[in-house]
Amino acid sequence: MHSRSLNSHEPIHGSIFLLALKLFVILFLSDAVYLLIDRLLFEGLQMDTYHNLVLLLTGLYIFKSFVQITLVLWVVFHWLYHKYHIDYAQKKLYEYKGILHSKEHMSDLKNVRDVSMEQSVFGKVFNYGNILLTISASGGYAEKVRMRSIQEPKLYVDFLETCGN
């Protein structure tokens with residue numbers, strides 16, 4: 001059984017595990033590159049004075065910190081400002097994304113024809129996955145919606161499968 005129930009006022013975000021993993025990778029890789037450059041400069045280059053090397057490494061450290069902060073903010077804001085909301089009463093799915101240039105997309109869940117879920121091995125272990133919806137209506141209208149990296153996807157799939165009926 002699921003650990004929680006659907007809440008009509010709660011936005012549906014991507015997986016918090018993936019957010020943390022992305023942040024860890026950004027910080028780890030940028031520090032690893034910095035340390036590699038630091039070692040190469042100390043061992044490979046013959047600086048005239050210790051002072052010049054310290055200035056170069058200080059500038060490199062400041063640049064690395066700027067890159068880390070920029071990437072961390074981009075990942076966190078992307079996670080915060082890309083979300084879904086299900087209006088359970090009217091059976092509508094809203095997708096919101098963007099900070100400065102925001103977009104809102106609405107899909108009518110009454111016309112859901114197919115619901116499927118994709119989960120990797122990590123997705124099964126950490127309970128996240130993609131939800132794929134096929135929505136169609138008369139007049140040839142067809143739409144495919146992919147909700148990426150959703151936490152507890154089975155919880156939403158169970159509800160979405162009942163919408164088209």
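Colleague: Which residue in S6 is the bridge partner of Gly-129?

Modeller: This is a predicted model, and in it the bridge partner of Gly-129 in S6 is Ile-150. That pair belongs to the antiparallel pairing of strand S5, residues 128–137, with S6, which extends over 9 bridges.

Colleague: In what order do the strands of that sheet stand, and in what sense do they pair?

Modeller: The sheet is open and has 3 strands in the order S4-S5-S6, with antiparallel pairing. Strand S4 (112–118) and strand S6 (141–151) each have a single partner strand and stand at the edges, so one side of each is left without a neighbour in the sheet. From one strand to the next, the twist averages 15°.

Colleague: And how is the sheet that contains S1, S2 and S3 arranged?

Modeller: That sheet is likewise described as open, with 3 strands in the order S1-S2-S3 and antiparallel pairing. Its edges are taken by S1 and strand S3 (103–108); each of these has a single partner strand, so one side of each lacks a neighbour in the sheet. The twist here averages 15° from one strand to the next. Strand S2, residues 92–97, runs antiparallel to S1 and is joined to S1 by 6 bridges, and as a point of register one can take Asp-87, which stands opposite Lys-92 in S2.

Colleague: Before we go further, how many helices and strands does the chain have, and what pattern do they follow along the sequence?

Modeller: The chain has 4 helices and 6 strands, and reading along the sequence gives the pattern α-α-β-β-β-β-α-β-β-α. As for the overall packing, buried residues make up 30% of the 165 residues, and among the contacts with a separation of 6 or more, 52% are between residues 24 or more positions apart. The accessible surface of the chain comes to about 10900 Å², with 64% of that area belonging to carbon and sulfur atoms.

Colleague: Which residues are in contact with Lys-83, once its neighbours within four places in sequence are left aside?

Modeller: Lys-83 is found in strand S1, and with those neighbours set aside, the residues in contact with Lys-83 are Pro-11, Ile-12, His-13, Tyr-94, Glu-95 and Tyr-96. Ile-12 illustrates a contact across the sequence, since Lys-83 and Ile-12 are 71 residues apart in sequence but 5.5 Å apart in space, C-alpha to C-alpha. With a relative accessible area of 25%, Lys-83 is partly exposed.

Colleague: How many salt bridges does the count come to?

Modeller: The criterion is a side-chain nitrogen of Lys or Arg within 4 Å of a carboxyl oxygen of Asp or Glu, and by this rule the count comes to 4 salt bridges. One of them joins the side chains of Asp-31 and Lys-64, at 2.5 Å from N to O. Asp-31 lies in helix H1 (residues 16–44) and Lys-64 in helix H2, so this pair ties together parts that are 33 residues apart in sequence.

Colleague: Is Lys-64 buried or exposed?

Modeller: Lys-64 is buried, because its relative accessible area is 9%, whereas Asp-31 is partly exposed at 31%.

Colleague: At what distance do the side chains of Lys-97 and Glu-95 meet?

Modeller: Their salt bridge has an N to O distance of 3.9 Å, a value to be read against the limit of 4 Å in the criterion. Glu-95 counts as buried at 15% relative accessibility, while Lys-97 is partly exposed, with a relative accessible area of 34%.

Colleague: Where in the chain are Asp-158 and Lys-154 placed?

Modeller: Both are in helix H4 (residues 153–163), and being 4 residues apart there, Asp-158 and Lys-154 are separated by about one helical turn. Their side chains meet in a salt bridge of 3.0 Å, N to O. Asp-158 counts as partly exposed at 31% relative accessibility, and Lys-154 is also partly exposed, at 39%.

Colleague: Which residues form the nonpolar patch on the surface?

Modeller: The patch is formed by Ile-69, Leu-73, Phe-77, Leu-80, Tyr-81, Ile-99 and Leu-100, and together these have about 700 Å² of accessible area. Tyr-81 has its place in the loop between helix H2 (50–80) and strand S1 (82–87), and with 38% relative accessibility Tyr-81 counts as partly exposed.

Technical notes:
Residues are numbered from 1 along each chain as its sequence is written. This is a predicted model: local features need pLDDT of at least 70, side-chain atom pairs count only at pLDDT 80 or more; totals for chains, interfaces and linings use all residues. Side-chain values use heavy atoms; hydrogens and water are left out. Two strands pair if DSSP finds at least two bridges between them. Helices (H or I, at least four residues) and strands (E, at least two) are DSSP runs, numbered from the N terminus. Axes are lines fitted to C-alpha atoms, for helices over the stretch in contact, and angles run from 0 to 180 degrees between N-to-C directions. Patches are made of residues with over 30% relative accessible area and no salt bridge: like charges are joined within 9 Å, nonpolar side chains (Val, Leu, Ile, Met, Phe, Trp, Tyr) within 5 Å. Accessible areas come from the Shrake-Rupley method with a 1.4 Å probe; for residues, only the protein chains shown count as cover. Buried means under 20% relative accessible area, exposed over 50%, partly exposed in between (1.4 Å probe, protein chains only). Contact means heavy atoms within 4.5 Å.
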